[in-house]
Amino acid sequence: MEKSDSKTKNGSIAGLDARTGMDVESLKQAITEHLFYQQGRNIVNTSLNDLYMAVSFTVRDRLLQKEHKTMNAVFDDKNVRLVSYLSAEFLLGPHLGSNLIALNIYDNMKRAVEELGFSLDEIIAQEEEPGLGNGGLGRLAACYIDSLASQQIPAIGYGIRYEFGIFDQDIVDGWQVERTDKWLRKGNPWESIRPELAVNVNFGGHTEAYQNSEGRTCFRWKPAYKVTGVPCDTPIMGYRVNSCNFLRLWKAEAEESFDFTSFNLGDYYKAVDYKVKSENISKVLYPNDEMHEGKKLRLKQQYFFVSCSLQDMMRMHLRNDGKPEDFHKRWAIQLNDTHPSVSVAELMRILVDEYDVDWDTAWNTTCRTFGYTNHTLLPEALEKWSVGLFNYLIPRVLEIIYEINHRFLQEVSRRFPGDDGKLSRMSIIDETGGKYVRMANLACAGSNAINGVAALHTGLLKELVLHDWVDMYPEKFQNVTNGVTPRRFMVLSNPGLSRLLTESIGDKWPGKLDELKKLEPFAVDASFREQFRKVKIENKLRLASLIKERTDIIVDPSSMFDVQVKRIHEYKRQHLNVLNIITRYLRVKQNPDIDIAPRTFIFGGKAAPGYHIAKLIIKLINSVGEVVNNDPDVRDRLKVVFFPDFNVTNAQNIYPAADLSEQISTAGKEASGTGNMKFSLNGALTIGTLDGANVEIREEVGAENFFLFGLTASQVEETRRYGYNPAFIYEYNEELHQVIDMINSGLFSKGDKNLFRPITDRLLRDDQYMLFADYPLYVSCQDLVAETWKNSPEWDRMAVLNVARMGKFSSDRSIQDYCDKIWKVKPFRVK
């Protein structure tokens with residue numbers, strides 16, 4: 001029977017499924033219908049953004065069908081336990097490309113768009129990245145919700161729908177300049193706003209005691225005002241499975257957005273004051289909290305999204321005939337760092353105040369619900385909030401925390417009688433200098449599991465930060481090493497390598513990354529290595545073109561691309577990298593004919609707006625680059641580039657092009673790192689310290705395929721204990737002495753000898769992150785890197801082995817670890 005060309009009355013082709021069909025013709029029909037009926041355009045006069053919206057709506061139709069099937073099946077089965085991932089950040093990256101890959105319709109969509117006369121690459125590039133995260137924490141959350149769906153684990157991610165995300169970064173005269181991230185200005189086709197599911201959140205006011213029908217003293221919160229949380233849902237599709245979860249982000253609105261009385265009295269500002277104050281809660285990611293108002297807004301953000309999320313989960317639980325005290329049987333909640341840890345007290349408030357559950361039962365339910373992931377060893381990152389601020393914003397929650405603490409300390413006293421030091425350290429209320437609520441202690445007390453994010457990090461966490469908690473609850477502690485999704489960071493961002501892998505070892509590896517092990521024999525195959533290198537060169541050519549476009553710097557794709565891209569922070573030691581660059585520049589100046597391997601040093605990353613030293617490091621990188629890049633003695637053998645506005649989109653172009661990955665943080669400071677994993681998966685070799693997940697990466701890829709340098713975490717502590725003197729190292733290391741003097745001479749600051757003094761003085765005075773101690777080891781290791789680079793077959797062999805041995809570092813494996821060790825959940829397969 002021949003295919004019919006007949007059309008229905010509305011112009012659609014009979015037999016095609018424009019809403020759910022995956023074939024080329026169905027996709028074309030869906031795009032044209034969305035273009036006309038939702039965008040009000042036709043194919044002739046459309047803009048690129050209209051076309052992007054239509055293509056995205058087409059993909060979303062197919063996601064929503066799978067999401068509804070998934071959630072209907074999940075909630076029909078009363079024995080299914082869902083995972084709730086609470087995170088203040090979700091650094092998702094653009095949706096379109098990754099969703100096409102998950103649905104396995106990338107090629108069909110490419111054909112459909114081309115047959116309509118357009119380019120899929122241009123349409124994908126049109127998407128605004130939702131900058132709903134600051135760095136690794138938010139990107140990890142995004143990888144995990146991808147893997148939860150791909151592993152067919154029913155889950156909902158909860159966070160905040162920030163109107164303005166992490167700032168966009170410009171570089172002006174070498175300095176970082178922040179611009180507002182207006183990611184919503186052209187519309188967001190992926191979200192569904194659900195006002196009918198809105199909830200109210202209390203703030204301020206006071207509490208009242210009363211007797212319930214059983215004669216028990218209860219408390220009623222009389223808030224000063226309420227803020228409405230409106231859920232905005234985004235489907236999260238699993239890779240080539242039928243499971244589709246969703247991310248629910250909360251938008252803050254006023255309960256009453258307009259005061260007619262004030263307006264009629266001529267007070268127009270007061271008429272909308274409540275609306276403005278309420279909406280500020282979800283206005284911007286991480287307000288500057290150096291001032292009191294910033295701290296107040298930050299705490300309001302945390303409580304707002306936690307309360308909204310718990311109310312939402314309880315509503316779903318009760319709607320499906322659950323009992324409040326059985327909440328933990330339906331939900332396993334993971335706290336992504338301390339930002340959502342107030343949820344421990346909020347769940348207690350909901351159970352005790354709203355559903356009249358007795359305290360002991362409520363506490364048992366709460367503790368069996370939560371797991372807590374710690375992401376840092378830095379004391380300043382373990383959040384504390386003043387008791388006064390808590391009492392002003394959420395007084396009933398503070399009362400709950402005091403009661404939790406009272407009962408908890410009684411338990412500590414019974415276990416460790418007479419140990420006042422342990423009582424003081426483990427108390428949720430810090431009274432050592434003013435009164436503060438310790439959010440990490442609250443999370444530890446109210447969770448059934450506490451995990452670090454790399455083997456070294458978990459060990460140091462137990463030894464240095466939470467040792468009292470290990471004494472009390474050794475069974476709570478687990479390690480779950482972080483991982484990354486290969487779908488975004490290989491299949492989508494490195495299609496050339498992905499094709500080569502699939503041709504060589506089959507197409508299962510994106511969903512089962514251990515399959516990469518099959519690649520090992522190819523490391524000694526010269527023809528494979530040649531193809532591998534060709535892919536790398538193509539990626540470098542693409543990045544070189546972007547560098548020219550963004551910075552006007554011309555780089556040589558045949559040079560080694562030595563890359564350090566991550567948040568700018570002193571412990572990540574971008575300035576140690578700069579000291580090495582100046583060392584190599586100094587050697588060239590002393591001997592212009594020196595034989596050096598051509599190298600392009602590429603930096604990227606954002607500094608917190610209030611972090612002056614980090615911003616000065618960015619200026620130093622650019623200033624050194626300006627001198628080195630324009631010195632005729634260098635002859636283009638060294639180039640320094642700062643790639644502006646590092647984000648997920650730009651990362652997808654940078655990771656595949658890297659030859660060398662700089663993972664040079666001070667040992668014992670980086671919890672895990674995930675950039676190290678993305679680089680290695682894309683065939684970059686690592687130079688690094690034994691810090692975070694570097695330890696496990698080195699174990700997996702082989703010590704001989706990893707450039708190791710630097711003090712270990714224990715050596716760092718020992719060096720400090722015995723009196724570290726950076727000035728002594730400066731005096732007796734000739735090259736380091738010359739490098740610091742060159743910076744202080746004004747050579748890189750147009751004669752201004754004081755511009756970079758805050759950096760050099762800090763290094764000479766105390767050098768908190770041990771740059772001088774590691775400098776000679778780092779420079780020596782970089783010499784070995786340069787020699788190895790000259791032997792191309794050997795470098796490529798090591799690079800192939802890096803890819804082949806990185807299967808452990810899939811976020812799918814991380815999620816499986818959480819399922820087995822902490823959540824106790826199993827896959828739920830949707831037919």
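This is a short talk on the sheets, two covered elements and some aromatic contacts in one predicted model.

I'll start with strand S11, residues 331–336. S11 is mostly covered, with 6 of its 6 residues buried. Which residues cover the two sides? On one face we have Trp331, Ile333 and Leu335, on the other Ala332, Gln334 and Asn336, and all of them are buried. So much for burial; now the neighbours of S11. Strand S1, residues 82–86, pairs with S11 in the parallel sense over 5 bridges. Within that pairing, valine 83 has alanine 332 as its bridge partner in S11. Strand S12, residues 370–373, also pairs with S11 in the parallel sense, here over 4 bridges. There, isoleucine 333 stands opposite phenylalanine 370 of S12.

Next, helix H11, residues 343–354. H11 is mostly covered too: 11 of its 12 residues are buried. The buried set includes charged side chains, among them Glu346, Arg349 and Asp353, and also Leu347, Met348, Ile350 and Leu351. Just after H11, aspartate 356 takes a positive phi of about 55°.

Now two open sheets. One has 6 strands in the order S20-S19-S18-S21-S22-S23, with parallel pairing. Which strands stand at its edges? They are S20, residues 638–642, and S23, residues 707–708; each has a single partner strand, so one side of each is left without a neighbour in the sheet. Further in, strand S18, residues 560–565, pairs with strand S21, residues 660–663, in the parallel sense over 2 bridges. In that pairing aspartate 562 stands opposite leucine 660 of S21.

The other open sheet has 3 strands in the order S13-S15-S14, and its pairing is antiparallel. S13, residues 384–386, and S14, residues 429–430, are the edge strands; each has a single partner strand, so one side of each lacks a neighbour in the sheet. S13 and S15, the latter covering residues 436–438, run antiparallel and are joined by 3 bridges. Lysine 384 has arginine 438 as its bridge partner in S15.

On to the aromatic side chains. How many aromatic pairs are there? The count comes to 20. I'll take one of them: tyrosine 144 and tyrosine 818 form an edge-to-face pair, 5.7 Å centre to centre, with 70° between the planes. Tyrosine 144 lies in helix H6, residues 136–150, and tyrosine 818 in helix H33, residues 811–823, so this pair ties together parts that are 674 residues apart in sequence. Are these two rings' residues buried or exposed? Tyrosine 144 counts as buried because its relative accessibility is 0%, under the 20% cut-off. Tyrosine 818 is buried as well, with a relative accessible area of 0%. Both tyrosines belong to one aromatic cluster, formed by Tyr85, Tyr144, Tyr818 and Trp823.

Last, two contacts between a charge and a ring. The charged end of arginine 533 sits over the ring of tryptophan 789, at 5.7 Å from the ring's centre. Lysine 540 lies over the face of phenylalanine 561, 4.7 Å from the ring centre. Phenylalanine 561 brings us back to the parallel sheet, as strand S18 covers residues 560–565.

To recap: S11 has both faces covered, the open sheet that includes S18 and S21 is parallel, the open sheet of S13, S15 and S14 is antiparallel, and the pair of tyrosine 144 and tyrosine 818 ties H6 to H33.

Terms used: Residues are numbered from 1 along each chain as its sequence is written. This is a predicted model: local features need pLDDT of at least 70, side-chain atom pairs count only at pLDDT 80 or more; totals for chains, interfaces and linings use all residues. Side-chain values use heavy atoms; hydrogens and water are left out. Two strands pair if DSSP finds at least two bridges between them. Rings of Phe, Tyr and Trp (its six-membered ring) pair if their centres lie within 6.5 Å; planes under 30 degrees apart count as stacked, over 60 as edge-to-face and the rest as tilted. Buried means under 20% relative accessible area, exposed over 50%, partly exposed in between (1.4 Å probe, protein chains only). A charge sits over a ring if NZ of Lys or CZ of Arg is within 6 Å of the ring centre and within 35 degrees of the ring normal.
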